[in-house]
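Subject: Structure handover

Hello,

Here is the structure I said I would pass on. Please load it before reading further, as the notes below refer to it throughout.

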Amino acid sequence: NPRPAKVCWYLPIIPRFKRLFATAHDASNLKWHAVDRINDGFLRHPADSPQWKTIDHLYPEFGAEPRNLRLGLASDGMNPFGNLSTNHSSWPVLLMIYNLPPSLCMKRKYIMLSMMISGPRQPGNDIDVYLTPLIEDMRKLWVDGVDVYDANQGETFRLHAMIFCTINDFPAYGNLSGYSVKGHQACPICEQNTSFIQLKHGKKTVYTRHRRFLKHYHPYRRLKKAFNGSQETEEPPEPLAPHEVYDRVKDIVTVFGKTQRKDHADKNIWKKRSVFFDLPYWTNLHVRHCLDVMHVEKNVCDSLLGTLLNIKGKTKDGLKCRQDLVNMGIREQLHPQSQGQRTYLPPACYTMSTKEKKQFCHCLKNVKVPQGYSSNIKSLVSVNDLKLVGLKSHDCHVLMQQLLPVAVRGILPEKVRVAISRLCFFFNAICRKVIDPKQLDDLENEAAIILCELEMYFPPSFFDIMVHLIVHLVREIRLCGPVFLRWMYPVERYMKVLKGYTKNPYRPEASIVERYVAEEAIEFCSQYIEMATPVGLPQSRHDCTIQGRGTRGFNVVTMDRQQLAQAHLYVLHNTAEVIPYIDAHKQHLCRIHPKMNMMRLLQEHNRTFISWFRQTIFADDSASDTLRLLAVGPNMNVPTWKGYDINQYSFYTKSQDDKSSVQ
């Protein structure tokens, strides 16, 4: 039977760039990076990065025109049917515009769907075939440019554009770059210098020896017993220069089609010459494909929680892991011990007892966070099974950023707890929106130290490729700018929007493209309609708060008389003008009840002070109006006093025709 064919929808990008400049407001925003950007030496935007400045230096004509576009390209697979079936795979190719302010770069309105690739399976390395029309348009925009009318300045100019970087998860990283991200040399930055260990019993490839990334005289380099039994003298591997990458792939004969792949298979870690090398500037980019911090953080969090809680199927510890320790000849205290028909695994420093697991789960189950900060963490914790279930990417982000150091506090040994906390603080530091370049060297050194400490405490099976990639994250921040404009969170949210466009299950991608085109047309027309709300540009949830209105509904709570009295007493005790009357009432009670102890005296004071205070104030003609209002409080039985309707929560004067509020 013939295999089902893939289908590709291409939405030309040049007419849409023209429509973008046809709106004066958008045309003005597209120059933000050159006109309104804060230039104080900190990394706030990709325009602050060396890669942006390198392009301006190498191509001064391109950099001289601030309206020339620099784009981020993202692609990932999704299932439009909303289930976990693997019988269908849709790959949208999205473009983000980096000329805009950081608050608009990744908004839905400015994310362009350029391609939709559909088929029974993911495209894999054959994705270059489908990207060809997009690359041809990008090459035209770079070499020749197109004439575009700028509605903001009222003139026509020559528009050029380039792809600044790509944003993908790690498997898609391999598809777009042509590098094999599986096997012994899975790290695309270390490349042939990747340090790996093939575990005999676990049947996994792990990536260790992070001591190479430490400074030359760091004491961890001399330790033997805590690591692999030997000292570390090698220097860290140097990333390949852009022209070196091109030299590796320029002579590769690429044969597309999965049926012919086996005939041309070889041991080269570079599988193809990427179609992106057709762009003249591609060999001059320091970072062409970005590592996705979102997926790195999620995978590290899953491995960490699975190992700490010993979750079946997710833990990196077990019998095979301990047998690998025996095979490697390290950590004799953790080697499995045979006891008859059973095998005893000695507890490691990261092993939690049942009591500690319950304490860990109860801590997370009782946590309370502000509205909109995260999902309901309580629903993710299973106290009975002592594990966390259903963790999404953002849940792992919140755990690693804030909650995990609190949950492990006082549970694990101090050294293990400090190592985990330092890992969480590292992720918190690299995800900031404003980064000081002077701190990047310290952060890079901190990443190497953290991984070395984890090597000392956690088993080798813990160090898969995602854990290893932590050591390279700071390098990409230094070259390309802040992380929050180069990770997959906006892309994943937008793909959920695209999934919602699926109304025809028989032709899912066609319905997605049709509804997307309709939405883009409506959004463009809304620019010319007064008071129209733009599509894909959400209103801030703080606007109503600034205007004095709540952002959510409110519940009416009816308080009984006792609760009102408690609230009234609390206000009186925290008002400076009432303190002399409080002391006088206590002295009055001491004279009446000389034998009453202090506790009983305080109880009697709380019970009778309000009524005594009210009688005292209204009997005193010299008492101020403030004290009289405090004496009334929420009491509903006191009549009108001095022209004020004190039976209402807001008091009104009766001497005026219109009722005005008395402050």
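What follows is a summary of what was found, by topic.

Please keep in mind that this is a predicted model.

**The sheet**

An open sheet is built from six strands in the order 1-4-3-2-7-10, with mixed pairing. Its edges are strand 1 (7-10) and strand 10 (289-290), each of which pairs on one side only.

Strand 2 (residues 69-75) and strand 3 (residues 89-97) run antiparallel and are joined by five bridges. Within that pairing, Gly-72 is placed opposite Met-96 of strand 3. Two helices pack on the sheet. Helix 18 touches strand 2, strand 3 and strand 4 (112-119), and its direction makes about 125° with that of strand 3. Helix 19 (residues 508-526) touches strand 1, strand 3 and strand 4, and its direction makes about 170° with that of strand 4.

Strand 3 also pairs with strand 4, again in the antiparallel sense, over seven bridges. Here Leu-94 has Leu-113 of strand 4 opposite.

How many residues of strand 3 are buried? The count is nine of the nine, so strand 3 is largely enclosed by the rest of the structure. In a regular strand, side chains point alternately to the two faces of the sheet. For strand 3, both faces are covered. On one side the buried residues are Ser-89, Trp-91, Val-93, Leu-95 and Ile-97, and on the other they are Ser-90, Pro-92, Leu-94 and Met-96. Two residues named above, Leu-94 and Met-96, are thus listed on one side of the strand.

**Helix 8**

Helix 8 (residues 170-177) is mostly covered, with seven of its eight residues buried. The buried ones are Phe-170, Ala-172, Tyr-173, Gly-174, Asn-175, Leu-176 and Ser-177. Their cover includes parts of the sheet, namely strand 2, strand 3, strand 7 (161-167) and strand 10. It also includes helix 7 (127-143) and helix 16 (465-468).

**Salt bridges**

There are 27 salt bridges in the structure. Three of them are described here.

In the pair Glu-476 and Arg-486, the N to O distance is 4.0 Å. Glu-476 belongs to helix 17 (residues 473-480), while Arg-486 sits in the loop between helix 17 and helix 18 (489-500), so this salt bridge ties together parts that are 10 residues apart in sequence. Glu-476 and Arg-486 are both buried.

Salt bridges with shared partners also join Glu-65, Arg-67, Asp-150 and Glu-155 into one network. Within this network, the closest N and O atoms of Glu-65 and Arg-67 are 2.8 Å apart. Glu-65 counts as partly exposed because its relative accessibility is 21%, whereas Arg-67, at 5%, counts as buried.

Lys-250 and Asp-247 form a salt bridge with an N to O distance of 3.8 Å. Lys-250 has a relative accessibility of 41% and therefore counts as partly exposed. Asp-247 is partly exposed too, with a relative accessible area of 42%.

**Aromatic pairs and charges over rings**

A pair of aromatic rings is described by how far apart the centres are and by the angle of the planes. The structure has 20 aromatic pairs. One of them is Phe-524 with Tyr-528, an edge-to-face pair at 5.6 Å centre to centre with 70° between the planes. Are these two rings' residues buried or exposed? Phe-524 is partly exposed, with a relative accessible area of 22%, and Tyr-528 counts as exposed at 53% relative accessibility.

Tyr-581 and Phe-613 form another edge-to-face pair, at 5.4 Å centre to centre and with 75° between the planes. Tyr-581 lies in helix 22 (residues 579-592) and Phe-613 in helix 23 (residues 598-619), so the pair ties together parts that are 32 residues apart in sequence. Both Tyr-581 and Phe-613 are buried.

Tyr-59, Phe-62, Trp-142 and Tyr-281 make up one aromatic cluster.

Two charged residues lie over ring faces. Arg-67, already mentioned for its salt bridge with Glu-65, is over the face of Phe-157, 4.0 Å from the ring centre. Lys-433 is over the face of Phe-484, 5.5 Å from the ring centre.

Regards

Conventions
Residues numbered from 1 in each chain as written. Predicted model: local features only at pLDDT ≥ 70, side-chain atom pairs only at ≥ 80, totals over all residues. Heavy atoms only, no water. Salt bridge = Lys/Arg side-chain N within 4 Å of Asp/Glu carboxyl O. Buried < 20%, exposed > 50% of the residue type's maximum accessible area, 1.4 Å probe, protein only. Helix = DSSP H or I, 4+ residues; strand = E, 2+ residues; numbered from the N terminus. Pairing = 2+ DSSP bridges. Contact = heavy atoms within 4.5 Å. Axes fitted to C-alpha atoms, helices over the stretch in contact; angles between N-to-C directions. Phe/Tyr/Trp six-rings, centres within 6.5 Å; stacked < 30°, edge-to-face > 60°. Lys NZ or Arg CZ within 6 Å of the ring centre and 35° of its normal.
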